[in-house]
Amino acid sequence: MQAIIFDLDNTLYPYTPCDNAGRDAVYSYLYPICQIPRNEFVKLYVECDMETKRLNPLTAAGHNRILFYHHMCEVLNLPGEIYDIPMYNAYWGAYLNAMQIFPGAFELLQKLKAKKIPLGICSDLTLHIQIRKLQKLGLVGIFDKITVSEEVGADKPAAIMFTSIAQKLGADPKDCVMIGDNYKRDILGAKSVGMQTILYGKKHEGTVSAQNFTELAQML
C-alpha cells in the first residue's frame with residue numbers, strides 16, 4: 001500500500017444534515033423576498049438541482065450552487081445579480097456551520113499521517129468549497145494532495161479522477177486504497193484503474209466495506 005485516498009462528502013463527515021441546514025438557510029433568506037410557500041420551495045429546489053445537473057452532466061459545474069441559485073432566480077423572476085450570491089453564501093454558511101467530522105476519523109488520519117503514508121482526497125465539486133470543508137473539519141495539513149472534478153473536467157467515476165490523485169501522490173494506482181461511500185462513483189471508478197477499495201458506511205455484495213472508522217482503522 002503506497003497511498004490511501006479518501007472521498008470527502010459523506011465519507012469524512014455526514015452530508016445530509018449539512019445540506020438540510022443549507023437549504024433551510026436559503027429558504028429563510030428567500031421567503032421575505034418572494035413569500036414562496038415551503039412546499040413550493042422544496043419542489044423548485046429539486047427541479048433546479050436536476051436542471052443544473054442536466055445542463056452540466058458529470059462535471060463540477062453540475063454541483064456549483066451559484067449556477068443552481070441563478071437558475072432558481074430566473075424561475076422566480078428575481079434579478080440574479082442581486083440574489084444569486086446571497087443565496088449561495090446563505091447555503092454554504094449554514095452548511096459549513098453544521099459540519100461535524102465522523103467519530104474516529106481525525107484520530108485515524110493522524111495515525112496514518114504519523115506513519116508517513118501519503119494521503120489524498122479525491123472528490124467531486126469545486127476546489128475552493130472542498131478546501132473550506134477541510135478547514136472546517138480541522139483537517140488542514142493532513143492530506144498531501146487533493147484532486148477535485150473541477151480541475152480534471154469530469155466527476156467520478158471517470159478514470160482521470162483516480163489516476164490524477166495517484167499521480168500526484170507518486171503512487172501506482174494498483175498500490176492505492178480508495179475509501180468512499182458511493183459504490184458506483186468511488187468503488188467502481190477506483191477499481192477501473194486497478195485500485196484497492198473500501199466502501200464506507202454501506203455494504204455491497206462482493207465489496208470490502210467498513211461501517212465506521214473503528215472498523216476502518218482495523219483494516220488499514
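In this predicted model, Arg 185 and Asp 155 form a salt bridge in which the closest N and O atoms are 4.0 Å apart. This pair ties together distant parts of the chain, with the two positions 30 residues apart in sequence numbering: Arg 185 belongs to helix H9 (residues 183–191), while Asp 155 sits in the loop between helix H7 (149–152) and helix H8 (159–168). The two partners can be told apart by their surroundings. Arg 185 is partly exposed, its relative accessible area being 26%, whereas Asp 155 is buried, at 4% relative accessibility. Salt bridges with shared partners also join Asp 7, Lys 156 and Asp 186 into one network.

A search of the whole structure turns up 14 salt bridges, and a helpful pair to look at next involves Asp 19. Arg 23 forms a salt bridge with Asp 19, and here the closest N and O atoms are 2.9 Å apart. Both residues lie in helix H1 (residues 15–34), and because they are four residues apart there, about one helical turn separates them. Arg 23 is partly exposed, with a relative accessible area of 23%. Asp 19, on the other hand, has a relative accessibility of 6% and therefore counts as buried, the cut-off being under 20%.

Asp 19 has another partner to meet. A salt bridge also connects Asp 19 with Arg 65, with 3.8 Å between the closest N and O atoms. This pair links distant parts of the chain, since Asp 19 is in helix H1 and Arg 65 is in helix H3 (residues 65–75), 46 residues apart. Arg 65 counts as buried too, at 11% relative accessibility.

Attention can now turn to the open spaces of the model. The largest pocket holds about 600 Å³ of space. Its lining is made of 30 residues, and those nearest the centre of the pocket are Tyr 15, Lys 53, His 63, Asp 124 and Arg 185. Two or more lining residues come from each of the elements H1, helix H2 (38–55), H3, helix H4 (80–98) and H9. Sorted by character, the lining residues of the largest pocket comprise 14 charged, nine nonpolar and seven polar ones. Arg 185 thus appears twice in this account: as a salt-bridge partner of Asp 155 and as one of the residues nearest the centre of the largest pocket.

The surface has a feature of its own to explore. Val 42, Val 46 and Met 50 make a nonpolar surface patch of about 260 Å². Of these residues, Val 42 can be placed in helix H2, and its relative accessibility of 40% puts it in the partly exposed class.

A final stop is Leu 78, found in the loop between H3 and H4. Leu 78 is buried, with a relative accessible area of 14%. Along the chain, Leu 78 and Cys 34 are 44 residues apart, yet their C-alpha atoms are separated by 8.7 Å.

Technical notes. Residues numbered from 1 in each chain as written. Predicted model: local features only at pLDDT ≥ 70, side-chain atom pairs only at ≥ 80, totals over all residues. Heavy atoms only, no water. Salt bridge = Lys/Arg side-chain N within 4 Å of Asp/Glu carboxyl O. Buried < 20%, exposed > 50% of the residue type's maximum accessible area, 1.4 Å probe, protein only. 1 Å grid on protein atoms, 1.4 Å probe; cavity = no way out; pocket = protein on both sides within 12 Å on 5 of 7 lines; lining within 4 Å. Points joined across faces, edges and corners; volume = space filled by probe spheres on them. Nonpolar A, V, L, I, M, F, W, Y, C, P; charged D, E, K, R; others polar. Patch = residues over 30% accessible without salt bridge, like charges linked within 9 Å, V, L, I, M, F, W, Y side chains within 5 Å. Areas by Shrake-Rupley, 256 points an atom, 1.4 Å probe, with all protein chains shown as cover.
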